[in-house]
Amino acid sequence: MAMTETSREVGVVVRRRAVDNPWIDHVWSPAMVLDEVPATAPWTVLSTEPDAMTYYAGAASIDLFSSDTANYRDNLADGEPRIWVALRRQAGGSELELTKVTADPTEGEAIFESGCDVIGTVPMSSEIASWIAAFVDEFHVERVFHKRKRDRAGGDRPRDPKDRGPEGEGTGRA
């Protein structure tokens, strides 16, 4: 069976918040994922508060793959489906680059080990959730789990060399 893929462009909003910390003066976090890409330039300031600024970070693509429908289904069934957003600091600067937006919880958790500077989740809108649910309904195939059987060593053969006696027989002692 061939893998099916579909994508949807979304807009990403992030927040820069001031912090009282001796090593950093602010932190970034994803604020929301918009259902559509607005006609706004990336890194446009959307709002300013005394200790925070909200920016439109830019457009990103949520990619769905038929091989990952079980992960999407689990995300939707969780009660509060999430979208993972990752941004990376540009080389030699303080600007951020939008690197990944995903609805796959497994991929989202893997992002935490990717070296991205800003990683977080935001609630999934009902419109995006409906789009993902329709994809899962169309392409999900339940896969049967087959437990592997161990290839066991012969019953007389010791498993650990230190368990061998003087004649190579197992003693059961270390």
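**Exercise 1. Identify which residues meet Arg 8 in salt bridges, and describe the network they form.**

Solution. Start with Arg 8 and Glu 127, whose side chains meet in a salt bridge of 2.6 Å, N to O. A salt bridge here is a side-chain nitrogen of Lys or Arg within 4 Å of a carboxyl oxygen of Asp or Glu. Arg 8 belongs to strand S1 and Glu 127 to helix H3, so this pair links distant parts of the chain, 119 residues apart. Helices (H or I, at least four residues) and strands (E, at least two) are DSSP runs, numbered from the N terminus.

This is a predicted model, in which local features need pLDDT of at least 70 and side-chain atom pairs count only at pLDDT 80 or more, while totals for chains, interfaces and linings use all residues. Residues are numbered from 1 along each chain as its sequence is written, and side-chain values use heavy atoms, with hydrogens and water left out.

Next, take Glu 36: its side chain meets that of Arg 8 in a salt bridge (3.6 Å, N to O). Glu 36 sits in the loop between S2 and S3 and Arg 8 in strand S1, so the pair ties together parts that are 28 residues apart in sequence.

Then check the burial. Arg 8 counts as buried at 13% relative accessibility, whereas Glu 127 is partly exposed at 38%. The cut-offs are under 20% relative accessible area for buried, over 50% for exposed, and partly exposed in between (1.4 Å probe, protein chains only).

**Exercise 2. Find the partner of Glu 49 and place the pair in the chain.**

Solution. Glu 49 forms a salt bridge with Arg 15, with the closest N and O atoms 3.8 Å apart. Glu 49 is in strand S3 and Arg 15 in strand S1, 34 residues apart, and the pair links distant parts of the chain. Glu 49 is partly exposed, with a relative accessible area of 35%; Arg 15 is partly exposed too, at 31%. To complete the previous exercise, salt bridges that share partners join Arg 8, Glu 36 and Glu 127 into one network. The structure holds 6 salt bridges.

**Exercise 3. Describe how S3 and S4 pair, and the setting of Thr 54.**

Solution. Strand S3 (residues 44-49) pairs with strand S4 (residues 52-65) in the antiparallel sense over 5 bridges; pairing requires at least two DSSP bridges between the strands. The two strands form a hairpin with 2 residues between them. Thr 44 has Tyr 56 in S4 as its bridge partner.

Thr 54 lies in strand S4 and is buried, with a relative accessible area of 7%. Leaving out residues up to four places away in sequence, Thr 54 touches Val 13, Val 14, Arg 15, Thr 44, Val 45, Leu 46 and Ser 47; contact means heavy atoms within 4.5 Å.

**Exercise 4. Determine which residues of H3 are buried and where they lie around the axis.**

Solution. The buried residues in H3 are Ile 128, Ala 129, Trp 131, Ile 132, Phe 135, Val 136 and Phe 139. They cover an arc of only 160° around the axis, which puts them on the same side of H3; the arc is that of the directions from the helix axis to the C-beta atoms. The face turned away from this buried side carries the exposed residues Ser 126, Asp 137 and Glu 138.

What covers the buried residues of H3 includes S1, S2, S4, helix H1 (69-77) and S5.
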